[in-house]
Amino acid sequence: MLILIAEDDELILRTVEHKLVKEGHDVVLTRNGREAIEKINELDLDLVVTDIMMPFASGIEILSAIKSIGKKIPVIVLSSMGQEEVVVDAFDLGASDFMVKPFSPNELILRIKRLTNK
Amino acid sequence: MHHHIQLHELILAIVIVLILVLLLIITVLAYSFYSYRILHNRQSWRQIIEYKIMETIVGSDDSDDRDREFAEHLKEPSFRALFLDVLVDSDRKFSGGAKQSINRLFHDFKLEDEAWRKLRHRRAYLVAGGVQELAAMNVEQAIPEITDKLNDPRTAVYQEAQYAIVTFKGYEGLGFLEHFDRPLSDWQQLRLLYSIHDIPESSDLHVDTWIKSTNDTVVVFTLRLIRKFRLMTFYTEVFHLLNHSSTKVRVQAIRTLQAIENSTTIQQFMSIFGQQPIEVQNEILKAMKVAKSRECERFLKDQLWNHTAVSIKISAAEVLVVLGEEQYLRDISQNEDTYDELIQIIKHALQEKKC
């Protein structure tokens, strides 16, 4: 399964990457929203994990991009405390699930499994 | 008597100036190189540290070479300081097993000693750093010393101590509020609120004592707490705060009443409206906009026609739009007897709706 992670925090990015690789997934890493949107257009992704606040384009813009190109990709949004209203917007734009930081990488893996029925 | 400067004196002076300029250039270059080295080291060290943390969280196979390199770096005091910083920072990113792994690193590499040293330092920023690190790494033995810091006169220290105690004890850590007489900043209030996840039923702490505090910022914090946990039983106490001397407290009281509202809230807002300053009146109108209650329709029309403040007229028109009274507003805006200012206000409100 091909999973895109969009996250500007290097530690979170690398930790989630290693967890997913350990689970047998292929992973694409992006460190800003614009790069993530490019990859979403180019690749046939099975799932996206995205942070809300990122340079160049936010998680909300990534969700809008997915919606506008008509791809049906499950998206898990990582948000920080105090971003509740943005999370509501994210669900309106088709987000499948969200997690609030600080988050447990193990729980993220469980949620990915649940979303992809793997 | 004039003394003529000899050629050799002039040359000597120029040479001295040139030597001084050269020395200055060398000093600046040396300092820049030193700063660059520090920056470069910090960046590469950060990568090494983050890799170590990631490895520990994920549970990768250990590499002996990398471990040896890491152990070598640990002998450097500035590396240990950065390691501690990155660990505390990482602790805010992860929860569950990952957080426990980060805590384990802290103890395994004996970084606790560094944090204790900072806690007992004289400089405020170091003490605050020590408090933050010991709390983030859940060192419960530090609670008594951190509790003492709650009364420290230095803002950075007592703020960090408050946050640490609430991190350790949750709601029970708010005991300091009872005698706290300094301002509790908005940022600090939010940090404390986010750290409290529940209010134990058996708690000895009483919200009703904080709500009567002579410290306005403690009252505002208590109102936010009531709002967060929807503490309906404090409705009457909150309502009484609408007579408080501070407008800021009154505004927060309106927001809190809105959050714990009952069937009489809107009626009560209308009855006290006239005795409130403009800021509070605007807050009441915002609450009415959210409540969308038809029982305030006549009241709003009255404010639109008769209130002296333009901001209140605008807010009243906006709430009427939300209540579906667009036609009423259009009719009066087209009436020849309506004065210009009111027509502009109504047009603004109707335009807002379109946006």
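**Notes on the predicted two-chain model**

1. Chain A, read along its sequence, goes β-α-β-α-β-α-β-α-β-α. That adds up to 5 helices and 5 strands in the chain. Bear in mind throughout that this is a predicted model.

2. On overall shape, chain A has a radius of gyration of 13 Å, and a compact globule of 118 residues would come out near 13 Å, so the two agree. The C-alpha trace of chain A spans about 30 × 30 × 25 Å along its principal axes. Buried residues make up 38% of the 118 in this chain. If you take the contacts in chain A between residues at least 6 apart in sequence, 59% of them join residues at least 24 apart.

3. Now the sheet. The 5 strands of chain A form an open sheet with parallel pairing, in the order β2-β1-β3-β4-β5. The edges belong to β2 (26-30) and β5 (97-101) of chain A; each has a single partner strand, so one side of each has no neighbour in the sheet. From one strand to the next, the twist averages 15 degrees.

4. For a closer look at one strand pair, try β1 (residues 2-6) and β3 (residues 47-51) of chain A, which run parallel and are joined by 4 bridges. Within this pair, A:Leu4 sits opposite A:Val48 of β3(A). As background, strands in a sheet pair through backbone hydrogen bonds, in either a parallel or an antiparallel way.

5. Which strands does helix α2 of chain A touch as it packs on the sheet? Helix α2 (residues 33-42) touches β1, β2 and β3 of chain A, and its direction makes about 160 degrees with that of β1(A). Helix α4 (residues 84-92) of chain A also packs on the sheet, where it touches β4 (75-80) and β5. The direction of α4(A) makes about 170 degrees with that of β4(A).

6. One peptide bond in chain A deserves a look: A:Lys101 and A:Pro102 are joined in cis, with omega about 0 degrees. You'll find A:Pro102 in the loop between β5 and α5 of chain A. For context, most peptide bonds are trans, and most residues other than glycine have a negative phi.

7. The contact between the chains takes 17 residues from chain A and 16 residues from chain B. On the chain A side, the elements giving two or more residues are α1 (10-22) and α5 (105-116). α1(A) gives the most, with 8 residues. By type, that side of chain A divides into 6 nonpolar, 4 polar and 7 charged residues.

8. Over in chain B, have a look at helix α6 (residues 124-136). Its 13 residues should span 18 Å at 1.5 Å a residue, and its end C-alpha atoms are indeed 18 Å apart. 10 of the 13 residues of α6(B) are buried, so the helix is largely enclosed by the rest of the structure. Among them are B:Val127, B:Val131 and B:Leu134, along with the charged-side-chain case B:Glu133. The buried residues of α6(B) pack against α3 (77-91), α5 (112-119), α7 (143-148) and α8 (155-169) of chain B.

9. Finally, two backbone oddities in chain B. B:Asn138 follows α6(B) and has a positive phi, near 60 degrees. B:Asn138 lies in the loop between α6 and α7 and counts as partly exposed, with 15 C-beta neighbours inside 10 Å. B:Lys110 also has a positive phi, near 55 degrees. B:Lys110 belongs to the loop between α4 (96-108) and α5 of chain B, and is exposed, with 10 other C-beta atoms within 10 Å.

Conventions: Residues numbered from 1 in each chain as written. Chains lettered and ligands numbered in written order. Predicted model: local features only at pLDDT ≥ 70, side-chain atom pairs only at ≥ 80, totals over all residues. Contact = placed C-beta atoms within 7 Å. Rg over C-alpha atoms; globule rule 2.2 N^0.38 Å. Buried ≥ 20, exposed ≤ 12 C-beta atoms within 10 Å, placed from the backbone. Pairing = 2+ DSSP bridges. Axes fitted to C-alpha atoms, helices over the stretch in contact; angles between N-to-C directions. Expected span 1.5 Å × (residues − 1).
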